[in-house]
Amino acid sequence: MDDGERTDGTRPLILGRDPLPGAWTPGPPHLWLLRIPDHAPLPPATYERILDARERARAAAFVRDLHRERYAAAHVGLRRLLGAYLETDPAAVELTREPCPGCGGPHGRPAVAGAPLHFNLSHAGDLALFAFAGTPVGVDVEERQPAVVAEVVPSLHPTETAELTALPEAARHAAFTRCWTRKEAYLKGIGTGLSEDPSVTYVGSGPAPASPTGWSLTDIAVDPGYAAALAVADTGG
């Protein structure tokens, strides 16, 4: 199957290959994937023109060129998509943060003030994944890293820990990454991130996610060696 074909909303469009979207209209969530190695590194003059002061400072803080290039590519990609949906220059998009639902501080979900859509970004390795929806949304993509499984599994919800511990080691790595991306997507969607203990909410490690009340979780098909998930607040949730 072509990697840009949509199958029940779980396979993203490819940024740089599929046409940019038109103005945002209500409907199902939109998913986009950026494969960073498919594109030449952005010259600093290009991404510095598009990114805002906070993003430029973050990019400049990276010690390794590779990490700077990945960050710049992901955030320029986000602005290109937001600019297309909002019919404005990507550099003119004013990003802000909603209040954190835990403490009220200005570090909750990313947002564009007054925009008709919600969005979220995740990047890992050579991939960046973007989600856009009419209700709060979270997305996560992770590289499969077997070395962290034994350390992190005990910190999950007790039922998830039991599920993963019962699996043979060969199956445990993929199931753990699947579970972790669901959990991160949900926590990003509600705006707390990992300030909520990962043991609190059950999302499951099996083939189908367990959606928390008021949310819909979906596994996303991305490249081999990665796992990804989408969390979308139900209408009115």
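1. Is Thr25 buried, exposed or partly exposed? Thr25 is partly exposed, because its relative accessible area is 49%, and the cut-off for exposed is over 50%. Keep in mind while reading that this is a predicted model. You'll find Thr25 in the loop between strand 1 and strand 2. Pro116 sits 91 residues away along the chain, yet the C-alpha atoms of Thr25 and Pro116 are separated by 8.3 Å.

2. Now follow the chain on to strand 2, residues 30-35. Five of its six residues are buried, so strand 2 is largely enclosed by the rest of the structure. Strand 2 has a parallel partner in strand 1 (residues 13-14), with two bridges joining them. Look for Leu13, which stands opposite Trp32 of strand 2. Strand 2 also pairs with strand 6, here in the antiparallel sense and over six bridges. In that pairing, Leu31 stands opposite Ala131 of strand 6. As background, strands of a sheet pair through backbone hydrogen bonds, and the pairing can be parallel or antiparallel.

3. Strand 6 (residues 127-133) has another antiparallel neighbour, strand 5, and seven bridges join the two. To pick out one pair, find Ser122 and its bridge partner in strand 6, Leu129. Strand 5 and strand 6 form a hairpin with two residues between them. In the turn, Gly125 has a positive phi of about 55°. As for strand 5 itself (residues 118-124), five of its seven residues are buried, so strand 5 is largely enclosed by the rest of the structure.

4. Strand 5 comes up again at the largest pocket. About 870 Å³ of space lies in this pocket. Of its 36 lining residues, the closest to the centre are His75, Arg97, Leu121, His123 and Lys188. Which element gives the most to the lining of the largest pocket? Strand 5 does, with six residues. Other elements that give two or more residues include helix 2 (53-61), helix 3 (65-86), strand 3 (95-97) and strand 4 (110-112). Strand 7 and helix 6 are also among them. By class, the lining divides into 14 nonpolar, twelve polar and ten charged residues.

5. The second largest pocket has a volume of about 300 Å³. It is lined by 17 residues, with Ile36, His39, Ala40, Leu42 and Ala73 lying nearest its centre. Here the largest share of the lining, eight residues, comes from helix 3. The lining has eleven nonpolar, two polar and four charged residues.

6. Just along from helix 3, have a look at Glu87, in the loop between helix 3 and strand 3. What is notable about the phi of Glu87? Phi is near 55°, a positive value in a residue other than glycine. Most residues other than glycine have a negative phi. Glu87 counts as exposed because its relative accessible area is 64%, over the 50% cut-off.

7. Next comes an open sheet of three strands, in the order 7-9-8 and with antiparallel pairing. The edge strands are strand 7 (137-143) and strand 8 (215-220), each pairing on one side only. From one strand to the next, the twist averages 15°. Strand 8 and strand 9 (residues 226-233) run antiparallel and are joined by six bridges. One pair to look for is Trp215 with its bridge partner Ala233 in strand 9.

8. What lies across these strands? Helix 6 (residues 169-190) lies across strand 7, strand 8 and strand 9, and runs at about 150° to strand 7. A good residue to click on is Gly189, which is found in helix 6. Gly189 has 0% relative accessibility, so it counts as buried. Leaving out residues up to four places away in sequence, Gly189 touches Arg109, Pro136, Val137, Gly138 and Trp215. Trp215, one of these contacts, is also the residue whose bridge partner is Ala233. Finally, Gly189 and Val139 are 50 residues apart in sequence, but their C-alpha atoms are 7.4 Å apart in space.

Technical notes
Residues numbered from 1 in each chain as written. Predicted model: local features only at pLDDT ≥ 70, side-chain atom pairs only at ≥ 80, totals over all residues. Heavy atoms only, no water. Pairing = 2+ DSSP bridges. Helix = DSSP H or I, 4+ residues; strand = E, 2+ residues; numbered from the N terminus. Axes fitted to C-alpha atoms, helices over the stretch in contact; angles between N-to-C directions. Contact = heavy atoms within 4.5 Å. Buried < 20%, exposed > 50% of the residue type's maximum accessible area, 1.4 Å probe, protein only. 1 Å grid on protein atoms, 1.4 Å probe; cavity = no way out; pocket = protein on both sides within 12 Å on 5 of 7 lines; lining within 4 Å. Points joined across faces, edges and corners; volume = space filled by probe spheres on them. Nonpolar A, V, L, I, M, F, W, Y, C, P; charged D, E, K, R; others polar.
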